[in-house]
Amino acid sequence: MPDTNVEVRKKLNLILGCSASNSKGSVSINDPSDTADAETVMVAGEAAVAKNVVVNSKGEVYDTVMSAAIVETTTRTLF
């Protein structure tokens, strides 16, 4: 029986750090650009933390870009 549907989804996960509480959190972006590379993502992440626009549930600002990964998920619908 052939596959009826195969779907590939990409997500960019950016891990940010908060020095005030020594904690970390994440920002996820669906369908990142195919041209996203380490340098581009780092520059964008650093720009976001420099603007103090990303905060945790306590209102503390994330001030460090810790890591980033592009995750691909393949879903094969059988029926």
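Is Glu72 buried or exposed, and what is its relative accessibility? In this predicted model, Glu72 counts as exposed because its relative accessibility is 52%, which is over the 50% cut-off. The legends below begin with the sheet that carries this residue and return to Glu72 in a later view.

**View 1. The open sheet is built from three strands in the order β2-β1-β3, with antiparallel pairing.** The edge strands are β2, residues 23-30, and β3, residues 64-77, and each of them pairs on one side only. From one strand to the next, the twist averages 25 degrees. Strand β1, which spans residues 5-18, pairs with β3 in the antiparallel sense over 13 bridges, and one pair to look for is Val8 with its bridge partner in β3, Thr74. On the β2 side, β1 and β2 also run antiparallel and are joined by eight bridges; here the bridge partner of Leu16 in β2 is Gly25.

**View 2. The hairpin of β1 and β2 has four residues between the strands.** Within this hairpin, Asn22 takes a positive phi near 50 degrees. The strands that flank the connection are β1, residues 5-18, and the edge strand β2, residues 23-30.

**View 3. Helix α1, residues 38-50, lies across β1 and β3.** The helix runs at about 120 degrees to β3. Both α1 and β1 give two or more residues to the largest nonpolar core, which is the subject of the next view.

**View 4. The largest nonpolar core has eight residues.** Its members are Leu12, Leu14, Leu16, Cys18, Val41, Val49, Tyr62 and Val65. The elements that give two or more residues to this core are β1 and α1, and the largest share, four residues, comes from β1. In soluble globular proteins, nonpolar side chains tend to be buried together. A close look at Leu12, one of the core residues, shows contacts with Val27, Ser28, Ile29, Pro32, Val41, Ala68, Ala69 and Ile70, when its neighbours within four places in sequence are left aside. Of these contact partners, Val41 is itself listed in the core.

**View 5. Glu72, in strand β3, is shown with its surroundings on β1.** The C-alpha atoms of Glu72 and Val8 are separated by 6.6 Å, although the two residues are 64 residues apart along the chain. Not counting residues up to four places away in sequence, Glu72 touches Val8, Arg9 and Lys10. With Lys10, Glu72 also forms a salt bridge, in which the closest N and O atoms are 3.9 Å apart. Glu72 lies in strand β3 and Lys10 in strand β1, so this pair ties together parts that are 62 residues apart in sequence.

**View 6. Salt bridges that share partners join Lys10, Asp34 and Glu72 into one network.** Lys10 forms a salt bridge with Asp34, the closest N and O atoms being 3.0 Å apart. This pair links distant parts of the chain, since Lys10 is in strand β1 and Asp34 is in the loop between β2 and α1, 24 residues apart. The three participants differ in accessibility class: Lys10 counts as partly exposed at 27% relative accessibility, whereas Asp34 is exposed, with a relative accessible area of 67%, and Glu72 counts as exposed at 52%.

**View 7. Arg9 forms a salt bridge with Glu7.** The closest N and O atoms of this pair are 3.2 Å apart. Arg9 counts as exposed, at 52% relative accessibility, while Glu7 is partly exposed, with a relative accessible area of 33%. The count of salt bridges in the model comes to three.

**View 8. Asn56 lies in the loop between α1 and β3.** At 12% relative accessibility, Asn56 counts as buried, because this value is under the 20% cut-off. A polar atom of the Asn56 side chain lies 2.9 Å from the backbone nitrogen of Lys58. Leaving aside neighbours within four places in sequence, Asn56 is in contact with Cys18, Ser21, Ser23 and Tyr62. Two of these partners, Cys18 and Tyr62, are also named among the residues of the largest nonpolar core.

Key: Residues are numbered from 1 along each chain as its sequence is written. This is a predicted model: local features need pLDDT of at least 70, side-chain atom pairs count only at pLDDT 80 or more; totals for chains, interfaces and linings use all residues. Side-chain values use heavy atoms; hydrogens and water are left out. Two strands pair if DSSP finds at least two bridges between them. Axes are lines fitted to C-alpha atoms, for helices over the stretch in contact, and angles run from 0 to 180 degrees between N-to-C directions. Contact means heavy atoms within 4.5 Å. A nonpolar core is a set of buried Ala, Val, Leu, Ile, Met, Phe, Trp, Tyr and Cys residues joined through side-chain atoms within 4.5 Å. Buried means under 20% relative accessible area, exposed over 50%, partly exposed in between (1.4 Å probe, protein chains only). A salt bridge is a side-chain nitrogen of Lys or Arg within 4 Å of a carboxyl oxygen of Asp or Glu. A polar contact is a pair of N or O atoms within 3.5 Å; within protein, one must be able to donate a hydrogen and the other to accept it, and residues adjacent in sequence count only if both atoms are side-chain atoms.
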